[in-house]
Amino acid sequence: MTGIGPVEPGEDTRVRDAPPPRPRGRLALRYERHRRTVLASGAVLVVLAGGGYLYASRSQPQPAPPPPYPSQAVDLVYVAPATGSPGATAGAYSFTVLLSVRSGPPVTVTRLTQPYDGLSVTSSPAAPFQTKSHSARKIIVTLRVTECEKAPRNPGLPFLDVTLRNARAIEAHSFILGARYAQDLSRALEVACGNDSR
């Protein structure tokens, strides 16, 4: 053999791979002995971390919306003058209103008043009383004239102040009962205070 270049194996000879170098150091030797355990533990940690991330970043169900405020769930409508109502006396005007709860939890009427100093208010049923959702209740309201001087002669838009309570809030709300109520109330006040002079 003459020439320059790498030595090549002859016929029927094979190149033997050199054994991999042996790790040096205590940590490297320990890793070498427990390589499968370390790799399996690492894979388990990666799977757990990925699962934890997916669990923490999952979409949360939306919480239920809060119930409506009581004044948003209630209608109060003037029906008509009440005839033959208990407690109807001279100087008193009784009428029927319909309280309807459209949605949400039950609503309790805790107080029912009106804005005029010369009139007092009672109701049947007496407050507090509760009305369930999707139902209506007839209420007989009686206004009594206590002082004709302070009672309005011709109320334009008379209203009732009602304090309502449900699971969400307590609210004082004024309900305007409409033109028929204003006309009926004016007639009743004229009858009750017609002979008085102002």
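This passage describes the fold, the sheet pairing and selected side-chain contacts of a predicted model.

The chain has four helices and eight strands. Read along the sequence, three helices come before an unbroken run of eight strands, and a helix closes the series, in the pattern α-α-α-β-β-β-β-β-β-β-β-α. The chain counts 198 residues, and buried residues make up 26% of them. Contacts were also sorted by sequence separation. Among contacts with a separation of 6 or more, 66% join residues 24 or more positions apart.

Four of the strands form an open sheet. Their order is β5-β3-β7-β8, and the pairing is antiparallel. Strands β5 and β8 (170–176) stand at the edges. Each has a single partner strand, so one side of each is left without a neighbour in the sheet. From one strand to the next, the twist averages 35°.

The pairings can be followed across the sheet in order. Strand β5 covers residues 129–131, and strand β3 covers residues 107–113. These two strands pair in the antiparallel sense over three bridges. Within this pairing, V109 has F129 of β5 as its bridge partner. T108 stands opposite Q130, also in β5.

On the β7 side, β3 pairs with residues 159–165, again in the antiparallel sense. Five bridges join β3 and β7. The bridge partner of T108 in β7 is R165. V109 stands opposite L164 in β7. T108 thus faces Q130 in β5 and R165 in β7. V109 likewise has F129 in β5 and L164 in β7.

The sheet continues from β7 to β8. Seven bridges join these strands, which run antiparallel. Across this pairing, F159 stands opposite I176 in β8. The link between β7 and β8 is a hairpin of four residues.

Strand β6 (residues 135–145) contains S135. This residue has a relative accessibility of 27% and therefore counts as partly exposed. Buried residues lie under 20% and exposed ones over 50%, so the value for S135 falls in between. Leaving aside residues up to four places away in sequence, S135 touches L99, S100 and V101. Of these contacts, L99 is one that lies in strand β2, which spans residues 92–101. The C-alpha atom of S135 is separated by 7.2 Å from that of R102. S135 and R102 are 33 residues apart along the chain.

Aromatic side chains were examined next. A search of the whole structure finds four aromatic pairs. One of them joins F95 and Y181. The ring centres lie 4.9 Å apart and the planes meet at 50°, so the pair is tilted. F95 belongs to strand β2, whereas Y181 belongs to helix α4 (residues 179–193). The pair links distant parts of the chain, with the two positions 86 residues apart in sequence. Both F95 and Y181 are buried. These two residues also belong to one aromatic cluster, together with Y78 and Y93.

Two arginines lie over tyrosine rings. The charged end of R58 sits over the ring of Y55, 3.9 Å from the ring centre. R168 lies over the face of Y69, at 3.9 Å from the centre of that ring.

The search for disulfides covered the whole structure and finds one. C148 and C193 form this bond, with their sulfur atoms 2.0 Å apart. The torsion about the S-S bond is about -80°, so the disulfide is left-handed. C148 lies in the loop between β6 and β7, and C193 lies in helix α4. The pair therefore ties together parts that are 45 residues apart in sequence. Both C148 and C193 are buried.

Helix α4 thus takes part in two of the links described here. Y181 of α4 pairs with F95 of β2. C193 of α4 is bonded to C148 in the loop between β6 and β7.

Definitions and conventions: Residues are numbered from 1 along each chain as its sequence is written. This is a predicted model: local features need pLDDT of at least 70, side-chain atom pairs count only at pLDDT 80 or more; totals for chains, interfaces and linings use all residues. Side-chain values use heavy atoms; hydrogens and water are left out. Two strands pair if DSSP finds at least two bridges between them. Buried means under 20% relative accessible area, exposed over 50%, partly exposed in between (1.4 Å probe, protein chains only). Contact means heavy atoms within 4.5 Å. Axes are lines fitted to C-alpha atoms, for helices over the stretch in contact, and angles run from 0 to 180 degrees between N-to-C directions. Rings of Phe, Tyr and Trp (its six-membered ring) pair if their centres lie within 6.5 Å; planes under 30 degrees apart count as stacked, over 60 as edge-to-face and the rest as tilted. A charge sits over a ring if NZ of Lys or CZ of Arg is within 6 Å of the ring centre and within 35 degrees of the ring normal. A disulfide is a pair of cysteine sulfur atoms within 2.5 Å.
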